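I opened the model today to see which side-chain contacts hold my attention. My notes follow in the order I looked things up.

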Amino acid sequence: KFHRDLPPTPVFAYGASRRGATVPGPTIEALQGIDTYVIWKNFLPSKHILPWDPTIPTAIPATKTGIPTVVHLHGGMHEPANDGNANSWFTAGFKEKGPDWSKRTYHYNNNQQPGNLWYHDHAMGLTRVNLLAGLIGAYVIRHPEVEGPLELPHGDEFDRPLIVFDRSFRKDGSTYMNSTGNNPSIHPQWQPEYFGDVIIVNGKAWPKMTVRRRKYRLRIINASNARFFRFFFTNGLEFIHVASDSTYLVEPVVTNETLLAPSEIADVVVDFSKSKTDEAVLANDAPYPYPSGDPVNELNGRVMKFTIKKEREVDTWRVPDKLIQYPSPDLSSATQTRYIAMYEYTSDTGEPTHLYINGKPYEAPATETPKAGTSEIWNVINLTEDNHPMHIHLAVFTVLDQTELVKAEEFKACMSKMNDAIKCQISKHARGKKLRVAAHEKGWKNVYKMTPGYVTRILVRFSYIHSNTSYSFDPTGMPGYVYHCHVSNYIAFPFMFCGYIFKYKTLENADLGSRRQCDDEATCGEEVRSKIGRKKSKV
């Protein structure tokens, strides 16, 4: 049940059992440097609960029976075979497998920096419907020796993942998804984006949570298909950013609002002792599609409510002036400069039909060939009309700048013919106004918002940043990795790595993250924490 007044909703869910499965799935907590082994099994039914479109590149079993799935640990740094490649899918009982499937047990070595990750379905052509059905969950890598001295809020009560997404429902409680595509003669069901009217947090619609007058750490994950959230508190409370995506910031950054694209993570501390009221509503005012779509309304403009206890108390948590220092971006270390162009193709009616990166489909051979332990400069050219949150598997990157394209239509026409930024004189066109990179987004990230009509320049690092060393595994194996827009109706692109395929193709009515039983209105989601304490363990 997503809401007390809504009938139960059929979902797909992660869990160790049918009875214990939840949406979102169990939060897996790992320790830095301690291996996690997960056997991902498929108990999904023979037919999907949502409409899906076979006219786009899609994982379709030969028998046409069973729902393909594969799990990607977003933000994780691990071997290619454990990355959840879109073609590594499998059906129930492993009866059918995708062309790149190779193993049942995934190994996450957790050798990267401590931070926030999340896991979700990644099956070819089905990611959008499998995520909408409920296949999402949080994953946290902790490093007590490094994080403990910071004295940030911790423990189940004060350190909470908030997985936020939007959905629409029918009167019978089932998830509503338009079954008619925007170009039905080409793609009968596929639409480029999905927007729901109801905002869900940790499995409950518009929940409320009772908090004490002290600091709380909120790890906010935008798990929506296409909705951007621009979060703010209606009573003026501030966000103290301590990390972004999977990486700590050098120092905390205070903001009154924070913009999160699909798949981005804001790791913030909120000090409820500063509230002048006994209630604080977490709200949203981001247009959809972002940035030039419809304004929010009374439904999708509300996220959740915090009821703040009146009693004052001593707060033992703090936010230090300095957090964790990682190496600053070094442009002189870049071994390669690349141009990555995003194209959108439309029908005669002007509706999108497909989207390509560098003018090539996913099935095309990979064109990016980075080397482990190096850095590269990527110039991401967004020739579409939408903001695209680009995610690069395995790597982290820093955003250097965003520059507007002048005479953009002239440049776009040239690119449509030649697909070559240099020959189309990118230096002549990338001379417009600059967009400021927000202070809390200047650290190392794995997702960033690619503004339409702009060139976003990023420094991509193919190594660990906490130790400044190359990976502890061989990243050149099959099936490689991908990079892609994380609006989950869009498609990824292959990537070559060193000559190998690198497919860069009770709390009152709310108990977020607790194991205690909640009522139907609560945001419980029965978050299950698997604390990895042995050198080799299975979840």
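Before strand partners, a working rule: I call two strands paired if DSSP finds at least two bridges between them. I also keep in mind that this is a predicted model.

**Entry 1: strand β12 and its neighbours**

I began with β12 and asked which residue of β17 is the bridge partner of Phe 231. I found Asn 284 there. Three bridges join β12 to β17, and the two strands run antiparallel. I then checked β15, which is also antiparallel to β12, with four bridges between them. On that side, Phe 229 has Leu 260 as its bridge partner. I looked at cover as well: four of the five residues of β12 are buried, so I noted the strand as mostly covered.

**Entry 2: salt bridges**

How many salt bridges does the structure hold? My search gave 25.

I stayed with β12 for one of them, the bridge between the side chains of Arg 230 and Asp 285, at 2.7 Å from N to O. Arg 230 lies in β12 (residues 229-233) and Asp 285 in the loop between β17 (279-284) and β18, so this contact ties together parts 55 residues apart in sequence. I read 31% relative accessibility for Asp 285, which makes it partly exposed.

Next I took Glu 264 and Lys 449, a salt bridge whose closest N and O atoms are 2.7 Å apart. Glu 264 sits in the loop between β15 (257-260) and β16 (265-271), and Lys 449 in strand β25 (residues 447-450), so the pair connects parts 185 residues apart in sequence. Is this pair buried or exposed? I found both Glu 264 and Lys 449 buried.

My third pick was Asp 315 with Lys 215, at 3.3 Å from N to O. This pair links distant parts of the chain, 100 residues apart: Asp 315 is in the loop between β18 (302-312) and β19 (334-346), and Lys 215 is in strand β11 (residues 215-222). I asked why the two fall into separate burial classes, given that buried means under 20% relative accessible area. Asp 315 has 22% and is partly exposed, whereas Lys 215 has 15% and counts as buried.

**Entry 3: aromatic pairs**

I searched the whole structure for aromatic pairs and got 23. Tyr 216 and Phe 272 form one that is edge-to-face, with 5.5 Å centre to centre and 80° between the planes. Tyr 216 lies in strand β11 and Phe 272 in the loop between β16 and β17, so the rings tie together parts 56 residues apart in sequence. I read a relative accessible area of 1% for Tyr 216, which is buried, and 0% for Phe 272, also buried.

I then turned to Trp 378 and Tyr 483. Their ring centres are 5.1 Å apart and their planes are at 65°, so I logged this pair as edge-to-face too. Trp 378 is in strand β21 and Tyr 483 in strand β27 (residues 482-485), so parts 105 residues apart in sequence are tied together here. Trp 378 is buried at 0% relative accessibility, and Tyr 483 is buried with 0% as well.

Which rings join Tyr 216 and Phe 272 in a cluster? I listed Phe 158, Phe 233, Phe 239, Phe 306 and Trp 317, linked with them by ring pairs.

**Entry 4: charges over rings**

Phe 158 came up again: the charged end of Arg 214 sits over its ring, 4.5 Å from the centre. I noted a second case, where Lys 97 lies over the face of Trp 101, at 5.0 Å from the ring centre.

**Entry 5: nonpolar cores**

Trp 378 also turned up in the largest nonpolar core, which has 40 residues. I found Trp 378, Met 390, Ile 392, Ile 458 and Val 460 to be the residues with the most contacts inside it. Among the elements that give two or more residues to this core are β13 (239-244), β14 (247-255), β21 (375-382) and β26 (454-461). Apart from it I noted another core, of 34 residues, including Ile 28, Val 70, Tyr 119 and Leu 126.

**Entry 6: the record**

Last, I checked UniProt, where an unreviewed entry places "domain: Plastocyanin-like" at residues 68-144, 201-275 and 343-490. For residues 68-144 I got 10% helix and 29% strand, with the end C-alpha atoms 37 Å apart. For residues 201-275 I got 0% helix and 64% strand, with the end C-alpha atoms 22 Å apart.

Methods
Residues are numbered from 1 along each chain as its sequence is written. This is a predicted model: local features need pLDDT of at least 70, side-chain atom pairs count only at pLDDT 80 or more; totals for chains, interfaces and linings use all residues. Side-chain values use heavy atoms; hydrogens and water are left out. A salt bridge is a side-chain nitrogen of Lys or Arg within 4 Å of a carboxyl oxygen of Asp or Glu. Buried means under 20% relative accessible area, exposed over 50%, partly exposed in between (1.4 Å probe, protein chains only). UniProt positions are given in the numbering used here, feature names are shortened, and annotations may be inferred rather than shown by experiment. A nonpolar core is a set of buried Ala, Val, Leu, Ile, Met, Phe, Trp, Tyr and Cys residues joined through side-chain atoms within 4.5 Å. Rings of Phe, Tyr and Trp (its six-membered ring) pair if their centres lie within 6.5 Å; planes under 30 degrees apart count as stacked, over 60 as edge-to-face and the rest as tilted. A charge sits over a ring if NZ of Lys or CZ of Arg is within 6 Å of the ring centre and within 35 degrees of the ring normal.
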